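User: I would like to go through this model and hear what each label rests on. Please set the values against the cut-offs.

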Amino acid sequence: MNGKIHTQFHWDSEKKVISIVNKPLLLEQLSERRTGFLDAELEDEFTGKSAEARAYFFSEVAVVAAMMYRSLGYSVKDKYMAYNLLCLNEDIDCTDKILDMNGDVAARVPKRFSTLGQKELAYFTNECIMLIESLGFQVEDAEIWKARRRNPEKV
C-alpha cells in the first residue's frame with residue numbers, strides 16, 4: 001500500500017533535538033502500512049504573524065478580493081468568505097487536505113488564518129495580490145498602507 005502519512009516534528013533549538021509529535025500514532029500508521037522508511041520534508045519553525053501583517057491582509061487584500069469576487073458574480077458576504085475563496089483557488093492552494101482511506105485527497109479545506117506562520121502569510125499575501133491584480137483590481141502597496149495608517153493626514 002502506498003500513501004502518505006502526515007505527522008509533525010518539533011525542533012527544540014536550545015537542546016538541538018528533533019522530536020516526533022504523537023510518536024505512538026506515527027508508529028502505528030507505519031506498522032499498518034508496512035513501510036520500511038520515512039521520507040520527510042521539514043518546514044521552517046512556526047513564527048507568529050505581526051499584528052500589522054494580519055491587519056493589512058484583512059483590511060486591504062481581503063476587502064479588495066471580496067469586491068473582485070462580487071464583480072465576478074460570486075455571492076461573497078464578507079472579507080472572511082473572500083479569504084476562504086482565495087485559499088481554495090488552485091493557483092494559490094492554501095488548504096489542508098483531508099485524505100481518504102487510500103491516502104488520496106478527498107477534500108480541500110481552507111487553512112485557518114491563525115495557523116499561518118509569518119513566512120507562509122507573506123507568501124500567501126503576495127500570491128493573492130498577484131491574482132487580484134491580474135484580474136484588473138488594484139491592491140494598495142503595504143508600505144503606503146502602513147504610512148496611511150500611521151498618519152492619515154499626510155498620505
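User: Where in the chain is Asp 93 placed?

Analyst: This is a predicted model. In it, Asp 93 sits in the loop that joins α3 (79-88) to β3 (95-99).

User: Why is Asp 93 called partly exposed?

Analyst: The relative accessible area of Asp 93 is 32%. Buried means under 20% and exposed means over 50%, so Asp 93, at 32%, falls in between and counts as partly exposed.

User: What makes the phi of Asp 93 worth a remark?

Analyst: Its value is near 45°, which is positive, and Asp 93 is a residue other than glycine. Most residues other than glycine have a negative phi.

User: What is the order of the elements along the chain?

Analyst: From the N terminus on, they run β-β-α-α-α-β-β-α-α. That makes five helices and four strands.

User: How many of the residues count as buried, as a percentage?

Analyst: The chain has 155 residues, and 27% of them count as buried. The area that the chain exposes is about 11200 Å², with 51% of it supplied by carbon and sulfur atoms. As for contacts with a separation of 6 or more, 51% are between residues 24 or more positions apart.

User: Which residues of α1 are buried?

Analyst: In helix α1 (residues 23-33), they are Leu 26, Gln 29, Leu 30 and Arg 33.

User: How do you know that they are on the same side of α1?

Analyst: They cover an arc of only 100° around the axis, and therefore they lie on the same side of α1. An α-helix has 3.6 residues a turn, so residues three or four places apart point the same way. The buried residues of α1 pack against β2 (17-21). On the other side of α1, the exposed residues are Pro 24 and Glu 32.

User: Which residues are buried in α3?

Analyst: Ala 82, Tyr 83, Leu 86 and Cys 87 are buried there. Their arc around the axis is only 140°, which puts them on the same side of α3. The cover over the buried residues of α3 includes α2, β3, β4 (105-110) and α4.

User: What is the volume of the second largest pocket, and which element gives the most to its lining?

Analyst: The volume is about 250 Å³. Elements that give two or more residues to the lining are α2 (51-71), α4 (118-134) and α5 (142-150). Of the elements, α4 gives the most, with six residues.

User: How do the lining residues of this second largest pocket divide by type?

Analyst: Six are nonpolar, four are polar and two are charged. The lining includes Tyr 56, Thr 125, Ile 129 and Lys 146. Tyr and Ile count as nonpolar and Lys as charged, while Thr belongs with the polar residues.

User: Why is Thr 125 called buried?

Analyst: Thr 125 has a relative accessible area of 8%. The cut-off for buried is under 20%, so at 8% Thr 125 meets it. Thr 125 belongs to helix α4. Not counting residues up to four places away in sequence, Thr 125 touches Tyr 56, Phe 57 and Val 61.

User: Is Glu 140 buried or partly exposed, and what makes it so?

Analyst: Glu 140 has 22% relative accessibility. Buried requires under 20%, so Glu 140, at 22%, counts as partly exposed. Glu 140 lies in the loop between α4 and α5. Apart from neighbours within four places in sequence, Glu 140 is in contact with Tyr 56, Glu 60, Trp 145 and Arg 148. From Glu 140 to Val 64 the C-alpha to C-alpha distance is 9.3 Å, with their positions 76 residues apart in sequence.

User: Is Gly 117 buried or exposed, and why?

Analyst: Gly 117 has a relative accessible area of 8%. Under 20% means buried, so the label for Gly 117 is buried. Gly 117 has its place in the loop between β4 and α4. Gly 117 and Ser 50 are 67 residues apart in sequence, yet 9.6 Å apart in space, C-alpha to C-alpha.

Methods: Residues are numbered from 1 along each chain as its sequence is written. This is a predicted model: local features need pLDDT of at least 70, side-chain atom pairs count only at pLDDT 80 or more; totals for chains, interfaces and linings use all residues. Side-chain values use heavy atoms; hydrogens and water are left out. On a 1 Å grid over the protein atoms alone, a cavity is a set of points where a 1.4 Å probe fits but cannot get out, and a pocket is an open set with protein on both sides within 12 Å along at least five of seven lines; lining residues have an atom within 4 Å of a point. Grid points are joined across faces, edges and corners, and a volume is the space filled by probe spheres set on the points. Buried means under 20% relative accessible area, exposed over 50%, partly exposed in between (1.4 Å probe, protein chains only). The arc is that of the directions from the helix axis to the C-beta atoms. Contact means heavy atoms within 4.5 Å. Accessible areas come from the Shrake-Rupley method with a 1.4 Å probe; for residues, only the protein chains shown count as cover.
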